[in-house]
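Here are a few exercises to work through with the structure open beside you. Try each task before you read its solution.

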Amino acid sequence: MTALAGGVPGTWVLLAYRMPREPSRPRIAVWRKLERLGVARLGDGLVALPADARTREQLEWVAEEVTENGGTATLWIATPASAAQERDVARAMRAARAEEYRAVIADAEAAAGASEAERVRAVRRLRRELHRIGRRDYFPPHERDAARAAVQALAESARVGTPEVDEASR
Amino acid sequence: MRWATRAGAHIDRAACAWLIRRVLDPAAEFVFVSDASEVPDDATPFDMRGVELGHHGGDCTFETILRRHDLDDPVLWRLAEIVHEADIDDERFDAPEAAGLDAVLRGLSMVCDDERVLELTGPMFDGLYEYLRRELLLDRPPG
């Protein structure tokens, strides 16, 4: 992972890609995949993730999908020229995740007044959502802990983990 | 036969190596490379970008190998769902085993080299296969 704490920029993996406008289905599939990975969008057809073995592999497979669908893709390992640039990119990524965590908090709070069975289902759904967000959260915002706490509070209010409650919600 | 894949084996590569030895080539030898250009001429590459046995059409490499070799064993396809979710995590399948398998493989790759990862995961996949086989036969989790 990048050394954001220090003043020295870390290493990033960049995917530069172009795909035919039509058909739109593979273009949208690639777009969705990149959203799921939580990429920073640096420009038209240029996305970035902090480099590690997993992110590099993920973008390699997206590149493969682009070329299989008639597009072109190149993968780059790069270092931002200044720490300030890197901070801006990381800040935008953190803000995007913060928004997702805030949606989880709102959902957890909205579910608080629901029936016990509905609360149990909401806990399952929100835990999956936390897992999804966590996979693409490279620069955790403080909303992360608040979101985890909100889901945990909902779980405790619904007594998730108590056999009769789990059974009743199925 | 020789087979080549990228160094730093994780779930998909480890599972593919097991599948290759178990079903396609019991005497398989594996070569780990850091770049596609290092694949020896006599080796079949897998789980690398730009090769036939890679990710295709949303499939992970394990699924691609099953498809390309017309392997229709339902136990292998159930295992493929778990490998797919551990590798890609796109929720195409319901495979709660995947998260644990992902953590175990990531941890192993932190403390072992690739040869050792394959040595250790061979019996693990044998066991998982047997577990899934009994699960399919019984139509419920085996005791």
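**Exercise 1.** Which helices of chain B do the buried residues of helix 4 of chain B pack against?

Solution. Keep in mind that this is a predicted model. Start with the helix itself: helix 4 (residues 97-111) of chain B has 15 residues, which at 1.5 Å a residue should span 21 Å, and its end C-alpha atoms are 22 Å apart, in agreement. Next, pick out its buried residues, which are Ala98(B), Leu101(B), Leu105(B) and Ser109(B). They cover an arc of only 65 degrees around the axis, so they sit on the same side of helix 4 of chain B. Finally, look at what that buried set packs against: helix 1 (11-24), helix 3 (74-87) and helix 5 (114-138) of chain B.

**Exercise 2.** Find the exposed residues on the face of helix 4 of chain B turned away from its buried side.

Solution. Turn to that face and you meet Gly100(B), Ala103(B), Gly107(B), Met110(B) and Val111(B).

**Exercise 3.** Describe the surroundings of strand 3 (residues 46-50) of chain A.

Solution. First, check burial: four of the five residues of this strand are buried. Then look for its partners. Strand 1 (residues 12-18) of chain A runs antiparallel to strand 3 and is joined to it by five bridges, with Trp12(A) opposite Pro50(A). Strand 2 (residues 40-43) of chain A is also antiparallel to strand 3, through three bridges; here Gly43(A) is the bridge partner of Leu46(A). Last, inspect the hairpin of strands 2 and 3 of chain A: two residues lie between them, and Gly45(A) in the turn has a positive phi of about 70 degrees.

Key:
Residues numbered from 1 in each chain as written. Chains lettered and ligands numbered in written order. Predicted model: local features only at pLDDT ≥ 70, side-chain atom pairs only at ≥ 80, totals over all residues. Expected span 1.5 Å × (residues − 1). Buried ≥ 20, exposed ≤ 12 C-beta atoms within 10 Å, placed from the backbone. Arc of directions from axis to C-beta. Contact = placed C-beta atoms within 7 Å. Pairing = 2+ DSSP bridges.
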